Amino acid sequence: MNIAIIGSGYVGLVTGACFAHLGNQVVCVDNQQSKIEKLRSGVMPIYEPGLDVLVKTNVAEGRLSFSSDIEDATRESEVVFICVGTPPKPNGEADLSAFEHVAASMAPAMRDGRYRLIVEKSTVPVRTGEWLTGLFRSHLPESASFDIASNPEFLREGSAIKDFLSTDRVVLGVNSDRAAGVLVKLYAPLNAPILMTDLNSAELIKHASNAFLAMKISFINAVAQVCERTGADISKVAKGVGLDKRIGEEFLKAGVGYGGACFPKDVSAFIAIAAQHGYDFELLKAVENINHQQRHHLADKVFAALGHDLAGKTIGVLGLAFKPNTDDMRGAPSAEIIPMFQELDATVRVYDPVAHETAKAVLDNVHYCQNPYEVAEGADCLVVLTEWAEFNSLNWPYMKTLLKRPLVVDGRNLFDPHKMRTLGFEYYSIGRPKARPSEAVTVTD
């Protein structure tokens with residue numbers, strides 16, 4: 001099929017590259033000309049494992065191209081996926097102004113009478129499909145032929161290509177047999193389960209899915225708080241809970257809370273959506289509140305160890321991106337926690353394998369280091385905020401010689417408290433017993 005992808009960010013670029021990989025003719029469109037020029041020259045605007053190879057391969061084979069012209073891309077396409085941003089307004093509602101711009105830009109090309117399927121790929125509030133239908137009708141003559149469909153994405157940054165090509169379900173919200181037929185044919189190569197729904201249900205599925213996952217994270221973080229007050233170990237509690245097949249182990253990892261572009265925005269938007277329809281979603285308000293508290297809880301551990309006067313002290317931070325295998329700083333815990341240290345006049349040194357450039361847009365007055373050992377040198381405390389795999393192989397005896405004080409506050413529960421204590425570290429994590437070097441015992445592997 002001839003496909004246009006409007007918006008070439010995390011969702012749009014991955015979606016376009018994967019559809020091209022499946023044999024379709026795809027043009028990815030973006031209003032940032034600089035991004036389009038980068039893509040045409042083979043430079044990825046985002047970090048996503050495997051994406052550069054997938055893009056370059058499909059460009060070379062003539063199935064993938066890039067443009068900044070929405071009208072032209074629409075004219076040549078049978079299916080148009082809208083993958084633009086829907087950022088939150090101050091009241092939490094999703095801002096759909098980008099959809100208004102896209103509709104106005106697409107309309108001139110749709111006056112030729114040819115049928116087009118317009119698919120919402122962005123996360124949008126329920127009933128957006130109804131609004132979008134009216135919006136396009138306002139720009140088009142009665143003879144225009146089109147359908148609106150909803151096809152929510154379930155891509156995780158860091159594993160987005162695998163999530164697309166090996167998805168556990170495809171949700172299709174449609175209002176005509178023609179639209180259903182086009183999308184079923186398009187997704188047939190994936191051999192994935194397809195759930196066919198109405199437009200409203202498909203739109204609601206995405207918000208409900210993300211809100212539920214965020215709720216699991218906040219729940220286990222709340223349980224971790226109870227663990228710290230009772231001497232229980234959250235890693236063991238979470239394991240025991242997650243082994244129940246009705247619950248599952250995923251998203252039951254205590255830490256500094258969820259981040260990224262989706263969970264914070266979608267939870268806030270879902271609260272606003274419910275309120276607009278007369279329901280006070282108190283459960284999700286608690287989810288948001290717990291997530292916010294986790295940032296402060298981590299910072300409080302540092303303050304308890306170093307004092308609330310951090311002038312003259314250096315804090316080293318390992319990990320800036322909101323999760324590993326991405327350079328995305330949207331909603332990253334580091335962007336909230338590091339300023340808390342700086343407000344108390346601490347010097348902050350940081351390291352992240354890929355997120356330094358994106359971090360510079362949201363963090364001021366931090367010292368970027370080339371590796372974890374440079375971060376540790378002369379630091380009074382080492383704080384772990386992202387669970388990058390490379391941190392699992394650090395030389396801790398050497399790290400101890402570099403640190404001014406062997407103090408580690410682990411916001412991701414990456415390390416074994418028993419081993420860290422035995423190595424002589426004062427080690428604090430989330431929801432697990434404190435580890436002080438004075439309690440040293442023999443390690444048994």
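**Entry 1. Terms and ground rules**

I call a residue buried under 20% relative accessible area, exposed over 50%, and partly exposed in between, with a 1.4 Å probe and protein chains only. The model is predicted, so I take local features at pLDDT of at least 70 and side-chain atom pairs at pLDDT 80 or more, while totals for chains, interfaces and linings use all residues. Residues are numbered from 1 along each chain as its sequence is written, and side-chain values use heavy atoms, without hydrogens and water.

**Entry 2. The whole chain**

I looked up the secondary structure and found 17 helices and 14 strands. Helices (H or I, at least four residues) and strands (E, at least two) are DSSP runs, numbered from the N terminus. The radius of gyration is 24 Å, close to the 22 Å of the globule rule for 445 residues, so the protein is as compact as a globular protein of that length. That radius is taken over C-alpha atoms, and the rule is 2.2 Å times the number of residues to the power 0.38. I also noted the box: the C-alpha atoms fill roughly 80 × 50 × 40 Å along the principal axes.

Of the 445 residues, 53% count as buried. The protein exposes about 19000 Å², and carbon and sulfur atoms supply 52% of that area. The areas come from the Shrake-Rupley method with a 1.4 Å probe; for residues, only the protein chains shown count as cover.

I checked contacts next, meaning heavy atoms within 4.5 Å. Among contacts between residues at least 6 apart in sequence, 70% join residues at least 24 apart.

For charges I found 44 positive and 54 negative side chains, with the centres of the two sets 4 Å apart. Lys and Arg count as positive and Asp and Glu as negative; His and the chain ends are not counted. Each charge is placed at NZ of Lys, CZ of Arg, CG of Asp or CD of Glu.

**Entry 3. Cysteines**

How many disulfides are there? I count zero, taking a disulfide as a pair of cysteine sulfur atoms within 2.5 Å. Cysteine 369 is in no disulfide, and the nearest cysteine sulfur, that of cysteine 381, is 15 Å away. From the other end, the sulfur of cysteine 381 has its closest cysteine sulfur in cysteine 369, at 15 Å, too far for a bond. I looked at their surroundings too. Cysteine 369 is buried at 2% relative accessible area, and cysteine 381 is buried at 0%.

**Entry 4. Residues that touch cysteine 381**

Threonine 314 sits in strand E9 (residues 314-318). It is buried, with 14% relative accessible area. Leaving out residues up to four places away in sequence, threonine 314 touches Thr347, Arg349, Gly378, Ala379, Asp380 and Cys381.

Valine 409 is in strand E13 (residues 407-410). Buried or exposed? Valine 409 is buried, at 0% relative accessibility. With the same residues left out, up to four places away, its contacts include Leu298, Val302, Cys381, Val383 and Tyr428. I also paired valine 409 with leucine 385: they are 24 residues apart along the chain, and their C-alpha atoms are separated by 9.1 Å.

**Entry 5. Two buried loop residues**

Where is asparagine 151? I find asparagine 151 in the loop between strand E6 (146-150) and helix H7 (160-165). It counts as buried at 1% relative accessibility. Its contacts beyond four places in sequence include Phe81, Glu120, Lys121, Val170 and Tyr187. Asparagine 151 and phenylalanine 81 are 70 residues apart in sequence and 8.8 Å apart C-alpha to C-alpha.

Valine 84 lies in the loop between strand E4 (79-82) and helix H5 (97-106). At 14% relative accessibility, valine 84 is buried. Valine 84 and glycine 7 are 77 residues apart in sequence, yet 4.8 Å apart from C-alpha to C-alpha. Beyond four places in sequence, valine 84 touches Ile6, Gly7, Ala98, Phe99, Val102 and Ser122.

**Entry 6. Positive phi**

Most residues other than glycine have a negative phi. I noted two asparagines with a positive value.

Asparagine 191 has a phi of about 50°. It lies in the loop between helix H8 (177-187) and strand E8 (194-197). Asparagine 191 is exposed, with a relative accessible area of 71%.

Asparagine 365 has a phi of about 60°. Its loop runs between helix H14 (356-359) and strand E11 (367-368). Asparagine 365 counts as exposed at 72% relative accessibility.
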